[in-house]
Amino acid sequence: MNTITHSKARYCWKPVLAVVLALLVEGCAAVNTNRNTPNAGGKPRVVATSTIIADLAQEVGGEEIQLTGILKPGADPHVYEPVPADSRFLEEADLILYNGYNLEPGLIKLMNAAGGKVRKLAVGEVVKPLQLDKGRGEVVPDPHVWGSAENAAAMVNSIRDGLIELSPKDREKYTQRAAQLTNELKQLHTWINQQIQTIPPDKRKLVTTHDAFQYYGRAYGLAIAGTLIGISTEEQPSAQTVQKLVDSIKKTGVPAIFAETTINPALIKTVAQEAGIELAPNQLYSDSIGAKGSNGDSYIKMMEANTRAIVEALGGKYTPFQLKK
């Protein structure tokens, strides 16, 4: 009886096993096909690490690319820990656009470990970096290069060239869009300069949560009077560091200090209270653009929002940014 039962079982499993094997073969074929073609629509797959680079890449690439941005608005690239889906995006990309200068260490490590011959472009590294002293003789490049709109224009042209190399047939479209965007960035650069000049000279001092505004300060005439932490948000300030910043703020006489959208504001609030100074009502966008619908949901809007927050808190006179066609 048992022999008959087992024999029937083996017979019944044969067609089931055949179906399973067929599905596995079909599934593998589908995966392989997908990996060897740009995608179902024929568009190059482009992956951008930071929200800032994703925004610039979308402006240049338009509908000719399939863009995936890994970090979401408000995410901090310094401390972002990749998830399994990120590995798949990077492995299947035709081009990876990343900032470089170790802005996004977790993603850079994952990107370098990705298999295949994926093209990688360090968009931020087209800009000669400022060198910052982390102490104990350690000097590192400052990754926050987009703080100057002129630097952002250089990043746009780098993205343009990377997309042209990836998809030469769309050269004209990429070139036209990049030219339009760099013109807008040139106007933005001039406008920011004009806005900062309305701040009384003795008040043109910036104190923020982390050291992300050196390029902005250099480009537009603001002294970076102090920061709670260095260029990476991985750092944890000691009680001594907090007290030193409080003492420095009292000496410099700045009218306000600033929190940032990607960092918990609790400590900088404490600094403001201890120094007896105002915490600016509007936080600054530092390492990420804002959520969709916010006043900083694109690179240009982010820079405008930051400039307005700085000008109004430091005693200047703000005039809205108007693009000239």
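Biologist: Happy to look at this with you! Is Tyr318 buried or exposed?

Modeller: In this predicted model, Tyr318 has a relative accessible area of 18%. Buried means under 20%, so Tyr318 counts as buried.

Biologist: Which residue forms an edge-to-face aromatic pair with Tyr318?

Modeller: The ring pairs come to 4 by the rule used here. In one of them, the centres are 6.1 Å apart and the planes meet at 85°. Angles over 60 degrees count as edge-to-face, and the partner of Tyr318 in this pair is Trp191.

Biologist: How many residues apart are Trp191 and Tyr318?

Modeller: Trp191 sits in helix H6, while Tyr318 belongs to the segment after helix H10 (299–313). The pair therefore links distant parts of the chain, and the separation is 127 residues.

Biologist: Good to know! Is Trp191 buried or exposed?

Modeller: The relative accessibility of Trp191 is 6%. The cut-off for buried is under 20%, so Trp191 is buried.

Biologist: Which residue joins Trp191 and Tyr318 in a cluster?

Modeller: Ring pairs connect these two with one further residue. That residue is also among the contacts of Gln187 in helix H6, and its name is Phe321.

Biologist: Lovely. Why are Tyr216 and Tyr220 separated by about one helical turn?

Modeller: Both residues lie in helix H7 (residues 214–220). Their rings form an edge-to-face pair, with 5.0 Å between centres and 65° between planes. Tyr216 is buried at 2% relative accessibility, and Tyr220 is buried at 1%. The separation is about one helical turn because the two are apart in helix H7 by 4 residues.

Technical notes:
Residues numbered from 1 in each chain as written. Predicted model: local features only at pLDDT ≥ 70, side-chain atom pairs only at ≥ 80, totals over all residues. Heavy atoms only, no water. Contact = heavy atoms within 4.5 Å. Phe/Tyr/Trp six-rings, centres within 6.5 Å; stacked < 30°, edge-to-face > 60°. Buried < 20%, exposed > 50% of the residue type's maximum accessible area, 1.4 Å probe, protein only.
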